[in-house]
Amino acid sequence: MKWIEKVASSLAFAGLFLLGIVFVFDDKLQIPVWLQVAGRMHPLLLHLPITLLLISIISYFIPSNTSTNNVFGYVRLFGALTAIFTAIMGILLATEEGTEGDTLQWHKWSGTAVAVLAWILYSYASFIQSNKKLAISTGVLLFMLTITTGHFGATLTHGEGFLTAPLYTNEPSTLTLAEARIYPNVVATIFKEKCGTCHNNSNKKGGLSLSDSVGIMTGGKSGKALVAGDLLKSLVITRAHLPLSDKKHMPPIDKPQLTAAELAILEAWIQKGAPFDTKITSINSTDTLRILAEEYIKPYLAKEEKYDFDAASESTIDKLKSNYRVIKQLGEKSPALAVSFYGQSMYNSSTLTELDPIKEQIVHLYAAKMPVSDADVSWIGKLPNLKRLNVNYSNVTDKSMAEIASMKKINSVSVAGTAITMQGLKTLLGNKNITEIFVWDTKIKPSDIKAISKQYAQIKIDYGFDGADTLIITLNDPVVSLPSGYFKENQPIEIKHVIKGVTIRYTIDGTDPDSSTSLVYSKPIVLNNTTTLSVRAFKTGWKGSATVRNFYMKAGFPVAGYKLTTPPDAKYNMNAATVLTDLDLADYTDFSSKWLGYQNNEATVVLDMGSPVQTSRIMVNTLHATTSYILPPVSLMAWGSNDNKTWKPLANIKPEMPTMNDAPFAQMLELKYPTASFRYLKITGQPIKKLPSWHQGKGTPGWFFMSEITVNN
Amino acid sequence: MEKELLEHGLNANRRKFISRMSLGLGSAALGSLLIPDLFGGKESAEDAIMKAVPHIAPKAKRVIYLFQNGAPSQLETFDYKPMLRERMGEDLPESIRNGQRLTGMTAGQSKFPLIGSYYDFKQYGKSGAYVSDLFPHMASVVDDLCIIKSMHTEAINHDPALTFFQSGAQQGNRPSMGSWVSYGLGTENNNLPAFCVLLSRGKGNGQGVYSKLWTNGFLDSVHQGVQFSSGDNPILYLQDQAGMDRNARRKMLDKVATLNNLEYEQFGDPEIAAKIQQYEMAYRMQTAVPEIIDTSKESDSVIKMYGPDCLVPGTYAANCLLARKLSESGVRFIQLYHQGWDQHGNLPNEMRGQAKDVDQPSAALIKDLKQRGLLDETLVIWGGEFGRTNFCQGPMTVDNYGRDHHPRCFSIWMAGGGVKPGIVHGETDDFGYNIIKDPVHVHDFQATVLNLLGLEHEQLTYKFQGRRYRLTDLYGNVVNNIIA
């Protein structure tokens, strides 16, 4: 085994000299290709000396005997040997890659020191071991040096702060877009993340550092990293555009690459002249650089506002919570609180002042519609961190505004619906931190605000929508309590409208009510006769509503029964036994169920009044629906009889025929005759045999539809 | 002797075992630090949610979702496609349709003739966004709107599409969006439910709405949407019976609570405690609700802004006004549904009526929240469950046509609550058929709404039947570009 020791120690000794040479003359070295390979084995080999040397240190702390000494002797020897060759390779690697910078220098010095120290410890082991103090102190020294060297090396490969990074990433950002700058917050971040590991002030591969403006503008050994305004001369750009397989492509193939967006930002920045101190928001909002930068920076911006006060204790908050006083944390980790009040009757001044223990933490206060007084505001004014105050529709007046304006952090004030005047508003405007004020529905006139809006252009003064006088729109329809139809005696009709303060006017002659002369509705109308009731609503500041027109038919003499002597068409004979006297004023939409239809034969119906009755008119509800081939009857006739056998003609009308298609409607046809007494009344209606020439069904038979029949005197 | 040796060996083993054991326990404890949920030592995501505090500081505190049920056509609202007019009647190229499935209603059509909007479009506001002539009021607030023209969904029929929008799944056993929000953020006003539902219907061809759309699913029943009906008694079973005096009710509740507490002490069932609280809340709602639905104090200016129909209970306008009042009183999530947007035929005519119902009140809601300083913290959403085809369904004339269901693109808008005002997000092709820029899937939309409320959609979970569920299922990306 001796020979191994011999060979190894000789090699180490030789290596020590070689190390001395490369260490001193590293800037003059010309490294042949095969040696480059050896240099690149530095990261592989370095783990051996670290392990061996650390093990060897143990020997200084344990009692020695022959067998352990033997083992540790080998450990020390091979530790020194590998340390020396690792150091040599490291210097070769650094020279080949052209790495520069402080970290490298420290790594080089400490690494060489480790190698030399390791050699000394091996060579004088027995002497050192004989002196306990010396042994321990050299052991500690070697340990420290090894760890330090290792740390510098790791910094070179993994980048600055790699080790401690996890401790810092959870720190929430406080950056806002308004203060973000294009270089420090965007470009520098890209450089640091994608280039910074190898190109920083302490590790300048290729002589290039991208850590600050000096390094960026100076460039590296290959030339200018960046020429403002000239992409083709800027190596950071041209290198990034080389194919990934190219040796000169940057970042190197095994490192995280620039994303398309990052590259676009760098290009836009360089084309803009590579400014180092420009705020993002000062760049034109349509500029590519601004759009890209805003997009890029979004994840880095502060998600939460930072507050410099401590959170209130959970138990304090819980004690103050009630069903009418809601206290909420703004966010899971935020100390800030939002307080809202609900339920007017549950609010009084102490509801506010009880919050003293959390005074510092309240940043939002919502007390809209609560009877908050000026006296209460003097308490609110002492909230040191309040930002948002909403006291819409409360009792605050101008007196409170000075108090609010004196608050240091306040920036949003809502006083809509309060007694605030222009004077109060001006007091508020004295606070330069305030960015928005809501004064809708107050005595302040929009015109007054417009007059000062130039002076306070940066403040949003919202006077909201005020259309009470200016916007003229149509009122909706009045609501009449009874729909069109039959009534018997003294029928009261109520008319309502959803909007307060409207005037309801009506007529009973079928004309549209107007806003000045028509009857004004004040109490329910009582009907006694067949009436067409037309109703409209009016109110100043509004257009009058549409006319609601209802037709009320007074029910006639009761009919004991009726018989259809000719049957209606089978398609339109629903409810044939009752439909003519059921007091349902059918309208045209229900012609399949509430009407009797005739096409090929005349309609004949005999009414039995039960006993002879004095009558003078018969009303027949008929249908007019030209597009459905339903026309008025060609003739409508009435007969009277007391024995249901001999009939006396009473009336005969020929209704006017339409001359073109029109919208369908129900039409009440009236048969009038001199008063006479009959028990039986017969009505016949003749459908049109051939539809007229203008009609789409010309020449074919038309229809006659009838419904309710009313007999009156 | 042998026995003693064995004993010694066993003892040694026992000692060794116990000392090893303590080491083992030590390392297990160390290991458990790396696995927060292992021993329940650290709070789980659900525990954090139970505190009802947002994950991050919210931009919006409340939501008013104006759901346009039946799916209004994007081509007659916000997605201006002049080419469809020029090429009216031409068949939709297969290269554009690209295998899109059809509903049973148009699958039998031999041709898919393109049809442009009957209504003209104009540009409005500083943003210059296009809005159709049907919506003059919305056009007047366009600079407050964030119009998303690139929504897309997976469903092609109403029920699954609606359910998907509301619950993140088409099948319909999951909690509705409002329920998730109630679960995540709790109620703001303890005297009102956190999730309220208001219904109205227009004259257009309608599709039903049903209570499964506002179900709490597997979440606790306190998170269920509470439907307000029109009329004197907006919440069923809330009012005391005639003749019952409030003190009597109080006494009765106290007695019931005493009995319930006895039961609770015996069994410790949290449902009993919940029940007691819900009785108390209902009691407080008895005074809070009449205060809120009272519109008699609304000024003429407000009434004109929403239109006079806002005083007619059950109309969309009345629901918008009520939504503002509820939101102002701290209700977290208010879901409106306006039916009647399913224009398979007679589209120009029916849409005119529908637009008349919703245009003015929707715009008024934004203005009203704004002038009260509440728009910043209230997110308003307007939109349907999918879009409509760029080709005609059924007979076609310039002024009378129909459009079938179309899931590949449609338009919605959001306003307030931390979305960028006055922007248009996303783009569709000239045919108005496919999205060409910034698609927003329904899950993306849901993730974004939750994000605006300060909730991380991936953390808002509930464990049920052995797995964790979330509103966005397994998908969804926050659309950062629309967040201010």
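The following conversation goes through a predicted model of two chains, A and B, asking what supports each description.

Trainee: What makes chain A something other than a compact globule of 713 residues?

Mentor: Set the value against the rule, which takes 2.2 Å times the number of residues to the power 0.38: a compact globule of 713 residues would have a radius of gyration near 27 Å, whereas chain A has 51 Å. The C-alpha trace of chain A spans about 155 × 70 × 60 Å along its principal axes, and the centres of domain 1 and domain 4 of chain A, taken over C-alpha atoms, are separated by 108 Å.

Trainee: Into which domains is chain A divided?

Mentor: The assignment gives domain 1 (2–158), domain 2 (175–265), domain 3 (314–462), domain 4 (473–554) and domain 5 (561–712), and the chain as a whole has 20 helices and 27 strands. For chain B, the assignment gives domain 1 (1–42) and domain 2 (52–482), with 59 Å between the centres of these two domains of chain B.

Trainee: What makes the sheet with the order 12-20-18-15-16 in chain A an open one, and which strands stand at its edges?

Mentor: Strand 12 (485–487) and strand 16 (519–520) of chain A stand at the edges, and each has a single partner strand, so one side of each is left without a neighbour in the sheet. The sheet has five strands, with mixed pairing.

Trainee: How do you know that strand 15 and strand 16 of chain A pair?

Mentor: Pairing requires at least two bridges between the strands, and strand 15 (residues 503–507) and strand 16 of chain A have two, in the antiparallel sense, so the criterion is met. In strand 16 of chain A, Leu519(A) is the bridge partner of Tyr506(A), while Val520(A) stands opposite Arg505(A). Strand 15 of chain A is also joined by five bridges to strand 18 (residues 531–538) of chain A, again running antiparallel, and there Val535(A) stands opposite Tyr506(A).

Trainee: Why is strand 15 of chain A called largely enclosed?

Mentor: A residue counts as buried if 20 or more other C-beta atoms lie within 10 Å of its own; four of the five residues of strand 15 of chain A are buried, so the strand is largely enclosed by the rest of the structure. Over chain A, buried residues make up 35% of the 713 residues.

Trainee: Which residues have the most contacts inside the largest nonpolar core?

Mentor: They are Val131(B) and Val380(B), in a core of 135 residues. Its largest share, nine residues, comes from helix 12 (residues 347–371) of chain B. Apart from this core lies another, of 46 residues, among them Tyr324(A), Ile362(A), Leu428(A) and Trp440(A). Leaving aside neighbours within four places in sequence, the residues in contact with Val131(B) include Phe78(B), Phe121(B), Tyr124(B) and Met138(B).

Trainee: How do you know that chain A touches chain B, and how many residues are involved?

Mentor: Two residues are in contact if their C-beta atoms lie within 7 Å, and 36 residues of chain A are in contact with 32 residues of chain B. Strand 3 (325–329) and strand 7 (412–414) of chain A each supply at least two residues of the side of chain A that touches chain B. By class, that side of chain A has 14 nonpolar, 14 polar and eight charged residues.

How values were computed: Residues are numbered from 1 along each chain as its sequence is written. Chains are lettered from A and ligands numbered from 1 in the order in which they are written. This is a predicted model: local features need pLDDT of at least 70, side-chain atom pairs count only at pLDDT 80 or more; totals for chains, interfaces and linings use all residues. A nonpolar core is a set of buried Ala, Val, Leu, Ile, Met, Phe, Trp, Tyr and Cys residues joined through C-beta atoms within 7 Å. A residue is buried if 20 or more other C-beta atoms lie within 10 Å of its own, exposed if 12 or fewer, and partly exposed in between; C-beta atoms are placed from the backbone. Ala, Val, Leu, Ile, Met, Phe, Trp, Tyr, Cys and Pro count as nonpolar, Asp, Glu, Lys and Arg as charged, and the others, Gly among them, as polar. Domain bounds come from an automatic or database domain assignment.
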